[in-house]
Amino acid sequence: MYPTILVMLAFDERDQDVLDAAASIAPAVGLQRVLLAHVHRQDPFPDWMSSAEVHSPAPPAALDEATAALRARLPGIDVVGIHAVGSPPEQLQRIVAQEDVDLLVIGRNAAVDNDSGWGPSGRELLRAVTCSALVVPRDAEVDLATAVVGLDFSHGSTSALRAAAQIAARTDAVYQYDLRAVAVGTQTEAAFAERIEAAARAHFEEDVLPALGDVRRPTFSIIQAEKASSTLIDRAADKLLVVGSRGMTRLATLLLGSTAEVTAGRARGPVLIVRTKGEQLGLLAGLVHR
């Protein structure tokens, strides 16, 4: 599933959370190799009037220490430390391409008062990557007992549900709809909601379940609410939340926004964003597939 994962280290208090996450998911995702990477941020083209010189600092001792510690926790798994210099998003893209990375693991600050916990670096990295990503908030633990999955019947959300069912002991698929976003016509809202929910259950049974293959059967919940992101965050609480994403380019994400990015920034627990490896939608495609 995710044989090669890349864990980004910031050398701060969030590092232990992402290292613990990598160790927790190892048996469930078929892990074979872990890359622990730290990027020393440096402008490769300093101001020509500046006296600053571009240099390559030595790999920090903390990287070797983290590599040795995780190697001891994961016997039989290849654990490698990578030290890079330059722009973190550009170096991340290089590492992902060169090492054929399947999953990125990054940390973020805890969300406070329903505000995003993203710092500038984490958001940058998530927008740059072209593979699935696991976002771990400060002090959150990855518990694979239960996973909550956002299901909107798209191909991406079905892939997310399949991934969750493969790694979690129990999976709860959640379909959210908002009556304000549809025209009910001459029907009462209650009658129209009944039709939507009946169609959703039929679609789940007849189309989604057969597409999952031989995995544990998920439960299915339907919730009428205004925002999908808030619904999923509340439903998951501190459990693992899994969402699908089409993987828009950085420009498209900046201009159009991303439900996966918003959810990953505000959730109390870890968020697994499932993407088709290497896929990126541009601005026009992002508008079409919104």
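1. In which helix does Ala68 lie? In this predicted model, Ala68 belongs to helix H2, which covers residues 61–73. Ala68 is partly exposed, because its relative accessible area of 42% falls between the limits of 20% for buried and 50% for exposed. A reader tracing the chain onward from Ala68 will come to Val79, 11 residues apart from Ala68 along the chain, and the C-alpha atoms of these two residues are separated by 8.1 Å.

2. The sheet is a good place to continue. It is an open sheet of 10 strands with mixed pairing, and the strands follow one another in the order S3-S2-S1-S4-S5-S10-S9-S6-S7-S8. Strand S3 (78–86) and strand S8 (219–224) stand at its edges, and each has a single partner strand, so one side of each is left without a neighbour in the sheet. On average, and with direction ignored, neighbouring strands of this sheet are turned by 25 degrees against each other.

3. One pairing within this sheet can be followed in detail. Strand S4 (residues 103–108) and strand S5 (residues 132–137) run parallel and are joined by six bridges, and Leu104 stands opposite Ala133 in S5.

4. Two helices may be examined together with these strands. Helix H1 (residues 15–29) lies across strand S1 (4–8), strand S2 (33–41), S4 and S5, and runs at about 125 degrees to S5. Helix H3 (residues 88–99) also packs on the sheet, where it touches S1, S2, S3 and S4, and its direction makes about 155 degrees with that of S2.

5. Helix H7 (residues 228–236) deserves a separate point. Its buried residues are Ser229, Thr231, Leu232, Ile233 and Ala236, and these pack against strand S6 (146–150), strand S7 (170–177), S8, strand S9 (240–244) and helix H9 (259–266). After H7 comes Ala237, which has a positive phi, near 55 degrees.

6. The last point concerns empty space inside the model. Rolling a probe the size of a water molecule over the atoms shows where such space is left. Counting cavities of 30 Å³ or more gives one, and the largest cavity has a volume of about 70 Å³. What kinds of residue make up the lining of the largest cavity: nonpolar, polar or charged? The lining consists of Tyr2, Ile25, Val29, Leu103, Leu134, Val142, Leu144, Ile167, Leu240 and Leu272, and it divides into 10 nonpolar residues, no polar and no charged.

Note on methods
Residues numbered from 1 in each chain as written. Predicted model: local features only at pLDDT ≥ 70, side-chain atom pairs only at ≥ 80, totals over all residues. Heavy atoms only, no water. 1 Å grid on protein atoms, 1.4 Å probe; cavity = no way out; pocket = protein on both sides within 12 Å on 5 of 7 lines; lining within 4 Å. Points joined across faces, edges and corners; volume = space filled by probe spheres on them. Nonpolar A, V, L, I, M, F, W, Y, C, P; charged D, E, K, R; others polar. Helix = DSSP H or I, 4+ residues; strand = E, 2+ residues; numbered from the N terminus. Buried < 20%, exposed > 50% of the residue type's maximum accessible area, 1.4 Å probe, protein only. Pairing = 2+ DSSP bridges. Axes fitted to C-alpha atoms, helices over the stretch in contact; angles between N-to-C directions. Contact = heavy atoms within 4.5 Å.
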